[in-house]
Amino acid sequence: HSAIRQKFPFLITVGRNSEIVVKPNLEFKELCHLVSEEEASDFFKYLDAKKENSKFTFKPDTNKDHRKAVHHFINKKFGNLVETKSFPELSYNAGNPNVVITVRFREKTHKHRKRSLFECRDQKVIYTAFTLRKENLEMFEALGFLAIKLGVIPSDFSYAGLKDKKAITYQAMVVRKVTPERLKNIEKEIEKKRMNVFNIRSVDDSLRLGQLKGNHFDIIIRNLRSQINDSANLRERILEAIENVKNKGFVNYYGPQRFGMGRKVHTDQIGLALLKSKMVEAIKLFLTPEDLDDPVNRAKKYFLQTEDAKGTLSLMPEFKVRERALLESLHRFGMTEEGCIQAWFSFPHSMRIFYVHAYSSKIWNEAVSYRLATYGSRVVEGDLVCLDEDIDEHFPNSK
């Protein structure tokens with residue numbers, strides 16, 4: 001075990017019966033988003049060695065927000081094994097002091113407890129489920145605001161799917177490391193952001209994308225008008241449209257909300273840049289401002305003009321959690337191709353994959369348009385058709 005973990009700190013080993021199972025160390029990967037790979041390797045070697053009265057020191061760091069993120073990560077993952085403190089570097093410049101983070105084992109924890117590192121990973125985690133109601137609010141912005149109020153990070157929230165911004169939506173959510181009581185305490189504060197939480201209860205695990213039976217929508221269509229030179233009245237046209245959908249169905253296009261309705265840069269453009277590994281371009285597309293004069297767009301405009309991540313951070317509002325996480329990484333790693341890769345990894349996986357899914361959705365729309373232009377509504381070989389009677393055991397449900 002120790003030989004593998006010392007030589008390859010990006011792996012973890014687990015004993016299972018008479019075997020040693022080797023797996024990727026996801027915590028190593030997560031720490032690499034905050035510090036260099038070399039520092040992460042040395043830190044995990046230090047953890048594994050468990051030398052009494054030993055200390056580990058990260059490289060000097062002037063960025064207070066970044067140090068806070070490192071402290072938060074280590075205390076969250078290994079808090080019952082080690083403790084962290086910040087100290088000024090011995091040879092620091094008084095005008096701009098370099099501060100170092102020092103890690104040391106907690107007293108009593110490492111003694112007489114051979115497997116304490118693994119026990120700290122396997123300890124019971126608190127999960128609280130709730131229903132989130134939001135109105136005219138982007139999902140990731142809602143999560144960012146909740147995370148700040150609860151003192152957790154956005155990736156501590158899990159959900160089965162994304163909800164539209166321009167709607168009143170309800171969805172199931174689970175948050176880690178937060179008790180039901182703590183969630184109830186912020187109910188009044190989040191109402192100001194057009195959010196409510198209810199049906200709050202303890203559960204055993206988080207949610208996964210796609211873990212839902214389906215959605216239900218009430219759709220209101222406003223401001224309907226007759227077309228010019230249309231002899232039929234509006235009511236007749238509506239009834240005709242309803243009959244059309246009943247008899248012929250409809251094309252299952254992804255709608256504009258999937259791509260960011262009315263925005264300069266659509267989510268599928270960012271997804272395509274990511275798929276082509278054009279990481280700097282993806283960052284610039286993500287931080288492209290709209291034609292609005294507000295703090296968020298002023299900050300984005302400043303970044304595109306200067307590429308000054310630190311200066312942009314000071315302009316970017318606190319609630320823009322995604323933008324701030326990206327900028328903090330860019331400040332640390334720079335606007336190089338590698339720095340932009342590290343910056344994208346500051347997003348949770350579900351957030352990163354969203355942009356790639358948006359490009360997949362665009363491909364679907366283009367493919368279905370091509371199919372309709374080529375064959376119209378007639379059935380052709382390759383179509384999947386619903387029949388009223390059962391076919392065989394592969395299609396037990398006629399619907």
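User: Is Cys340 buried or exposed?
Analyst: Cys340 is buried, with a relative accessible area of 0%, where buried means under 20%, exposed over 50% and partly exposed in between, with a 1.4 Å probe and protein chains only. This is a predicted model, in which local features need pLDDT of at least 70 and side-chain atom pairs count only at pLDDT 80 or more, while totals for chains, interfaces and linings use all residues. Residues are numbered from 1 along each chain as its sequence is written, and side-chain values use heavy atoms, with hydrogens and water left out.

User: How many disulfides are there?
Analyst: The count comes to 0 disulfides, a disulfide being a pair of cysteine sulfur atoms within 2.5 Å.

User: And why is Cys340 not in one?
Analyst: The closest cysteine sulfur, in Cys32, is 17 Å from that of Cys340, so it is too far for a bond; Cys32 is buried as well, at 10% relative accessible area.

User: Switching to rings, how many aromatic pairs are there?
Analyst: The whole structure has 20 aromatic pairs, counted for rings of Phe, Tyr and Trp (its six-membered ring) with centres within 6.5 Å, and called stacked if the planes are under 30 degrees apart, edge-to-face if over 60 and tilted for the rest. One of them joins Trp344 and Tyr355, whose centres are 5.8 Å apart with planes at 70 degrees, so the pair is edge-to-face.

User: How buried are those two, Trp344 and Tyr355?
Analyst: Trp344 is buried at a relative accessible area of 2%, and Tyr355 is buried at 3%. The ring of Tyr355 also pairs edge-to-face with that of Phe354, with centres 5.3 Å apart and planes at 75 degrees.
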